[in-house]
Amino acid sequence: MAIMECSPPRGYPEPTVRWRKDDILLPINGRFRLSGTNLQINNVQPEDNGRYQCIAQNMAGSRESPPAQLNVRVKPYFIIKPEDITALANEIAEIHCKVGGDPPPTVSWRREGGQISSQRASITEDNSLRIINVTEEDEGVSKPTFLIEPKDVRVTMNSMARFDCVANGNPRPSVFWNKEGNQFLMFPDNKYERFLVTPEGSLIISPVKKEDKGYYVCSALSVVSSARTKAYLNITTTNDLPPPIIILGPADQTLPEHTTAMLPCDI
């Protein structure tokens, strides 16, 4: 909000006050309001830049104030945000960035968790970051994210249950499992009685017991951050299964000797 102040001269009859912007009378509505004799501009926009005058008028005549300049400044904003890229070793990598604002903002780059090579990196005229002779050392850090998340599983007693979980990030995160509500951690390439975590991070339970029912949590941890996801193991017993239903059963038949008898059964 901006307020343009005006203290008009007194007169008889009392003068009315109007406002002019760049020699054009302003309609007092919408974002423009009078607060006494002051002009109040709500939700100021860049197009509100200009020269404003206060005009006091009655039947005897009018007086105008000297023009006052309103300069509207806009804080920096992104037109194009940097996005993840993949580059070949020893090639050139460019991370694009375009910003706006008034006055035009200056742009600088920093690397999260490290330094940018001052010899191989430069900022282009459009404020993009350009790195020549890219190496593995130029890789940025990233939070752990899941490429494959475990899904809910329903199995029968004494069978096998498998939950797959694959995480990615830089540096590569460590993946481990635990049953929700239990602090015991299970790590890849290890076996814990009936529980096995493969080198790839999948959790296998075999044979499944009734007490294994519940949520299993896959966690990914790195020096940058951590992430977790979970899936539910539901165990079905024979008591939970409905009895078989015969849709079409055999019927009595009378056939000649030495012919073929067909007794249908559809369940």
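**Exercise 1.** In this predicted model, decide whether Phe195 is buried or exposed.

*Solution.* Phe195 has a relative accessible area of 16%. The buried class takes values under 20%, so Phe195 is buried.

**Exercise 2.** Classify the ring pair of Phe195 and Tyr216, and place both residues in the chain.

*Solution.* Start with Tyr216: its relative accessibility is 1%, so this residue counts as buried. Next, take the geometry. The ring centres of Phe195 and Tyr216 are 6.4 Å apart, and the planes meet at 35°. Pairing needs centres within 6.5 Å, and an angle that is neither under 30 degrees nor over 60 counts as tilted, so this pair is tilted. Finally, look at the chain: Phe195 belongs to strand β20 (residues 195-197) and Tyr216 to strand β22 (residues 214-221), so the pair links distant parts of the chain, 21 residues apart. Phe195 and Tyr216 also share one aromatic cluster with Phe163 and Trp177.

**Exercise 3.** How many aromatic pairs are there, and what does the pair of Phe176 and Phe187 tie together?

*Solution.* The count is six aromatic pairs. One of them, Phe176 with Phe187, is tilted, at 5.6 Å centre to centre and 45° between the planes. Phe176 sits in strand β18 (residues 174-179), while Phe187 is in the loop between β18 and β19 (190-192), so the pair ties together parts 11 residues apart in sequence. As for accessibility, Phe176 is buried at 15%, whereas Phe187 is partly exposed at 36%.

**Exercise 4.** Which residue lies over the face of Tyr215?

*Solution.* Look for a charge over the ring: Lys230 lies there, 4.5 Å from the ring centre.

Terms used: Residues are numbered from 1 along each chain as its sequence is written. This is a predicted model: local features need pLDDT of at least 70, side-chain atom pairs count only at pLDDT 80 or more; totals for chains, interfaces and linings use all residues. Side-chain values use heavy atoms; hydrogens and water are left out. Helices (H or I, at least four residues) and strands (E, at least two) are DSSP runs, numbered from the N terminus. Buried means under 20% relative accessible area, exposed over 50%, partly exposed in between (1.4 Å probe, protein chains only). A charge sits over a ring if NZ of Lys or CZ of Arg is within 6 Å of the ring centre and within 35 degrees of the ring normal.
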